[in-house]
Amino acid sequence: MLTAINETNVKTLNNVRFRDYERLYLDIQKQFYEQVEAFGLPFDRENSERYRTETEKIIEELQRTGKVDFYNDSKSLCLGNKSTACKACAKGIGTATLFISFHCHRDCYFCFNPNQANFEYYNLHKNDWKAELDHMKASGEKMTHIALTGGEPLLHKDDAVAFFQYVSDNFEDVHTRLYTAGDLLDAALLKRLQKAGLKEIRFSIKLEDTKKGQSNILRKMATAQKYIPDVMVEMPVIPGTLEEMKELLDKLEEMGIYGINLLEFCYPLNNVEEFASRGFKIKFPPHQVLYNFWYAGGLPISGSEYEAAQLLAYAAEKDMKLGVHYCSLENKHFGQIYRQNTTPPCQDKTMFFSEKDFYLKTAKAFGDDAKKAKDILKKNKIEDFEWNNDYHFFQFNPKHIPILSGAGLEIGISYNVQEERDGSYVLRELKLDATTSESFRLSDL
């Protein structure tokens, strides 16, 4: 069993050196939380744990039904159809998403595009997508999935068609997809996209639109079904919209839509007034591991995951043929961590590569526990370990912890990522969970 350490349970650690080491990370967390709240939106310290508990109950029940598939340590849950692009996204290998520009005719208050690098420039100028595709082809990496997003890519209709045609002409057996609000689609453009090789289209439906506006997008989707093999919806689950979302699922099921991607609703660290006026708060804690993730979506809003789980349960209860996939914010990060920790493979023998969340994990015993662990491992002829004099810990591969059973040791499980610096790779530690030599199971990793 692994225990995530917080300000409350850190006091239960008996090993003083272990406790002091954990406090280094708790201080980092505290500073991060203070910086986030300085933007103006508070954490939901009151309700987040309740939402988490209720969500886990729903997930456990879904597991019992056997109707829902679980991926990426249960951070991705799917009933029925799941796009192959979502499956590839789990590890981020052979998949890429490009854009023509960040310009958009919509003004969604939760849009995170302003967080993207060079947003101001690409809001006014076009990206050289052809050069990016040429670079991918020259790299020799086998591409299986290539997507076009925005902004709104269909503000540049000719470029969008040219993009998919160029992909079809230069990459073999690639699944292509398009992200769009759908407003600018018509049959003529769909015919052009079909001819250019588009395989999947993901519409964004805005519940804040009028019923007439939503109906218009549904009609566009019905037209798209005549030309594009996989027609889907992708949208965040905004807390407070559960009943509206159920109605939408019913409509999509009736239409025979391929599937819907339910995203965890996020606060992009801008438009704070809009989020605050709606009563939204940030899920606490927002991440299992704090890190500078590439995905620019922001921080998860409290209650979104709970309502997403309820929607999955609703679809499962009604035995919908519609594919319903919940993609959490944590799931968005998995591909990045996998790529960092496998390219190149880590050579440190004290590290264990987790197939659950793709972090490189090592075990650490502190102070007197460190000496005991070292003596036991040496007696068992295990020599792959390191000693740290600065923080008085003994580091070794977690697969050896069962050998220590019965020694009564408190052990830290360290989460690490590989980072490239100055042409070489270094390991960066991000957090420590706690376990004991008796309660630990390798399956915990």
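In this predicted model, the side chains of Glu 429 and Lys 364 are joined by a polar contact of 2.5 Å, and a polar contact of 2.5 Å likewise joins the side chain of Glu 429 to that of Tyr 25. Glu 429 is placed in strand β18, which comprises residues 424–436, and it counts as buried because its relative accessibility, at 16%, falls under the 20% limit. When neighbours within four places in sequence are left aside, the residues in contact with Glu 429 are Tyr 21, Tyr 25, Lys 364, Ser 414, Tyr 415 and Asn 416.

Two further residues that fall within the range of β18, Lys 431 and Asp 433, meet through their side chains in a salt bridge with an N to O distance of 3.0 Å. Asp 433 is buried, with a relative accessible area of 5%, and Lys 431 also counts as buried, at 12% relative accessibility. Elsewhere, salt bridges that share partners join Arg 106, Asp 183 and Asp 209 into one network.

The structure holds 25 salt bridges. Side chains of opposite charge can pair when their charged atoms come close. Among these pairs is the one formed by Asp 73 and Lys 75, whose side chains meet at 3.6 Å, N to O. The two partners fall into separate accessibility classes, because Asp 73, with a relative accessible area of 32%, is partly exposed, whereas Lys 75, at 13% relative accessibility, counts as buried. Another salt bridge links Arg 202 with Glu 234, the closest N and O atoms being 2.7 Å apart. Arg 202 lies in strand β7 and Glu 234 in strand β8, so this pair ties together parts of the chain that are 32 residues apart in sequence. Both partners are buried, Arg 202 with a relative accessible area of 4% and Glu 234 with a relative accessible area of 13%.

The strand that carries Arg 202, β7, spans residues 200–203, and its side chains alternate in direction, with Glu 200 and Arg 202 pointing one way and Ile 201 and Phe 203 the other way, while all of these residues are buried. Strand β6, formed by residues 175–180, pairs with β7 in the parallel sense over 4 bridges, and Ile 201 of β7 is the bridge partner of Leu 178. Between these two strands the chain crosses from β6 to β7 through helix α7, residues 187–195, in a β-α-β crossover that is right-handed. Strand β7 is also joined by 4 bridges to strand β8, residues 230–237, and these strands run parallel; here the bridge partner of Ile 201 is Val 231 of β8. The passage of the chain from β7 to β8 is made through helix α8, residues 211–224, and this β-α-β crossover is right-handed. Ile 201 is thus a bridge partner of Leu 178 as well as of Val 231.

Helix α8 includes Leu 218, which is buried, with a relative accessible area of 13%. Residues up to four places away in sequence not being counted, Leu 218 touches Ile 205, Leu 248, Lys 251, Leu 252 and Met 255. In the case of Met 255, the separation from Leu 218 is 37 residues in sequence, while the C-alpha atoms of the two residues are 8.9 Å apart in space.

Helix α6, which covers residues 157–170, has 14 residues and reaches 20 Å from its first C-alpha to its last, close to the 20 Å expected at 1.5 Å a residue. The buried residues in this helix include Asp 159, Ala 160, Val 161, Phe 163, Phe 164, Tyr 166 and Val 167. The elements covering the buried residues of α6 include both strands and helices, among them β4 (95–99), α5 (129–139), β5 (145–149), β6 and α7. Of these, β6 and α7 also take part in the right-handed crossover that leads to β7.

A residue of another helix, Lys 57, lies in α2, residues 48–65, and is partly exposed, with a relative accessible area of 47%. Lys 57 and Ala 309 are 252 residues apart in sequence, yet their C-alpha atoms lie 9.6 Å apart in space.

Note on methods: Residues numbered from 1 in each chain as written. Predicted model: local features only at pLDDT ≥ 70, side-chain atom pairs only at ≥ 80, totals over all residues. Heavy atoms only, no water. Buried < 20%, exposed > 50% of the residue type's maximum accessible area, 1.4 Å probe, protein only. Pairing = 2+ DSSP bridges. Right-handed = clockwise from strand over helix to strand, strands pointing away. Salt bridge = Lys/Arg side-chain N within 4 Å of Asp/Glu carboxyl O. Expected span 1.5 Å × (residues − 1). Contact = heavy atoms within 4.5 Å. Polar contact = N/O pair within 3.5 Å; in protein donor to acceptor, adjacent residues only side chain to side chain.
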